[in-house]
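Here is a friendly walk through one protein model. Keep the sequence and the 3D view side by side as you read, and try to find each residue when it comes up.

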Amino acid sequence: MKIVGLTGGIGSGKSTVAHEFENLGIPIFIADDVSKKLLATDPQVIEAVINLLGKNSYDREDNGIVVPNKKYIASKVFSDKTLLTSLNKIMHPAVRAYFKEWILQQNSPYIIYEAAVLFESNGHLLCDKVVLVTAGIEERIRRVMDRDTASRAEVVSRLGHQWSEGQRLGLSDFVIVNEDLQQIAASVWSIHEVLLK
């Protein structure tokens, strides 16, 4: 079974493209969703994050459940590259281990491994092919500001922690420009046909 990486900078529209592959019956592994799940439920991850960032990393609800304080975590790691690197050293191996279990349950010619930081985390080394989703920088900033109700400065700060489009292009096998929704479906179909060969 082929592993196909799907990546792109924040706001590029990876989810839209992933949905098109899903419509073709292809299993999708969304690394960011798994990361959020593990951050909230995996005892080893929770302990490691608290050791790294302090007890304010989690809130305890009335029923005793601990919930990640995502605003606090983001404020710490996006202002300190060393902390971000340390958090990634906790999260990336945990996500990778979860993926290895997940892929054993799939039965498909290929699967999609969707990750915003595919290259930054060396996730592309797991992949047979990589699909890059790209869009204009101003469009990406606008999408993220709308989606996350974030300020322009917050979005630009997050962009600064990701690879440039040029760096990603050099390691990608396919590129989808996400500016026309109808064109995306056609692009995904043509990539799908190549991957089935």
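In this predicted model, I30 belongs to strand 2, which covers residues 28-30. Is I30 buried or exposed, or something in between? With a relative accessible area of 26%, I30 is partly exposed, because a residue must be under 20% to be called buried and over 50% to be called exposed. I30 also has a partner across the sheet: it stands opposite E114 in strand 5. Another residue to find is A94, 64 residues from I30 in sequence, with the two C-alpha atoms 14 Å apart in space.

**The sheet**

A general point helps here. Strands of a sheet pair through backbone hydrogen bonds, in either a parallel or an antiparallel way.

Which order do the strands follow in this model? The sheet is open, has five strands in the order 2-5-1-6-7, and its pairing is parallel. Strand 2 and strand 7 (174-177) stand at the edges with a single partner strand each, so one side of each has no neighbour in the sheet. On average, neighbouring strands of this sheet are turned by 20 degrees against each other, direction ignored.

Here are three of the strand pairs, with their bridges.

| Strand pair | Sense | Bridges |
|---|---|---|
| Strand 1 and strand 5 | parallel | five |
| Strand 2 and strand 5 | parallel | three |
| Strand 6 and strand 7 | parallel | four |

You can follow some of these pairs residue by residue. Strand 1 spans residues 2-7, and the bridge partner of K2 in strand 5 is Y110. Strand 6 spans residues 129-134. Two of its residues to look for are V131, which stands opposite F174 in strand 7, and L132, which stands opposite V175 in strand 7.

**Two faces of a strand**

In a regular strand, side chains alternate between the two faces of the sheet. Strand 7 shows this pattern: F174 and I176 point to one face and are buried, whereas V175 and V177 point to the other face and are not buried.

Now compare this with strand 5. Y110, I112 and E114 point one way, I111 and Y113 point the other way, and all are buried. Strand 5 is therefore described as mostly covered, since five of its five residues fall under the 20% limit for buried.

**Aromatic pairs**

How many aromatic pairs does a search of the whole structure find? There are eight. In one of them, the rings of F21 and Y110 have centres 6.3 Å apart and planes at 90 degrees, so the pair is edge-to-face. F21 lies in helix 1 and Y110 in strand 5, so this pair ties together parts that are 89 residues apart in sequence. F21 is buried, at 0% relative accessibility. Y110 is buried as well, with a relative accessible area of 0%.

The rings of F29 and Y113 have centres 5.3 Å apart and planes at 15 degrees, so that pair is stacked. It links distant parts of the chain, with F29 in strand 2 and Y113 in strand 5, 84 residues apart. Both F29 and Y113 are buried. Ring pairs also join these two with others, making a cluster of F29, Y98, F99, W102 and Y113.

**The largest pocket**

Rolling a probe the size of a water molecule over the atoms shows where empty space is left.

In this model, the largest pocket holds about 1700 Å³ of space. Its lining has 47 residues, and I10, D32, K36, F78 and R158 lie nearest its centre. Several elements give two or more residues to that lining, among them helix 1 (14-23), helix 2 (31-41), strand 5 (110-114) and helix 7 (152-159). Which element gives the largest share? That is helix 5, with nine residues. By character, the lining residues divide into 17 nonpolar, 15 polar and 15 charged.

**One more residue**

Finally, look for E139 in helix 6. E139 is partly exposed, with a relative accessible area of 28%. E139 and G11 are 128 residues apart in sequence, yet their C-alpha atoms are 7.8 Å apart in space.

Key. Residues numbered from 1 in each chain as written. Predicted model: local features only at pLDDT ≥ 70, side-chain atom pairs only at ≥ 80, totals over all residues. Heavy atoms only, no water. Buried < 20%, exposed > 50% of the residue type's maximum accessible area, 1.4 Å probe, protein only. 1 Å grid on protein atoms, 1.4 Å probe; cavity = no way out; pocket = protein on both sides within 12 Å on 5 of 7 lines; lining within 4 Å. Points joined across faces, edges and corners; volume = space filled by probe spheres on them. Nonpolar A, V, L, I, M, F, W, Y, C, P; charged D, E, K, R; others polar. Pairing = 2+ DSSP bridges. Phe/Tyr/Trp six-rings, centres within 6.5 Å; stacked < 30°, edge-to-face > 60°. Axes fitted to C-alpha atoms, helices over the stretch in contact; angles between N-to-C directions.
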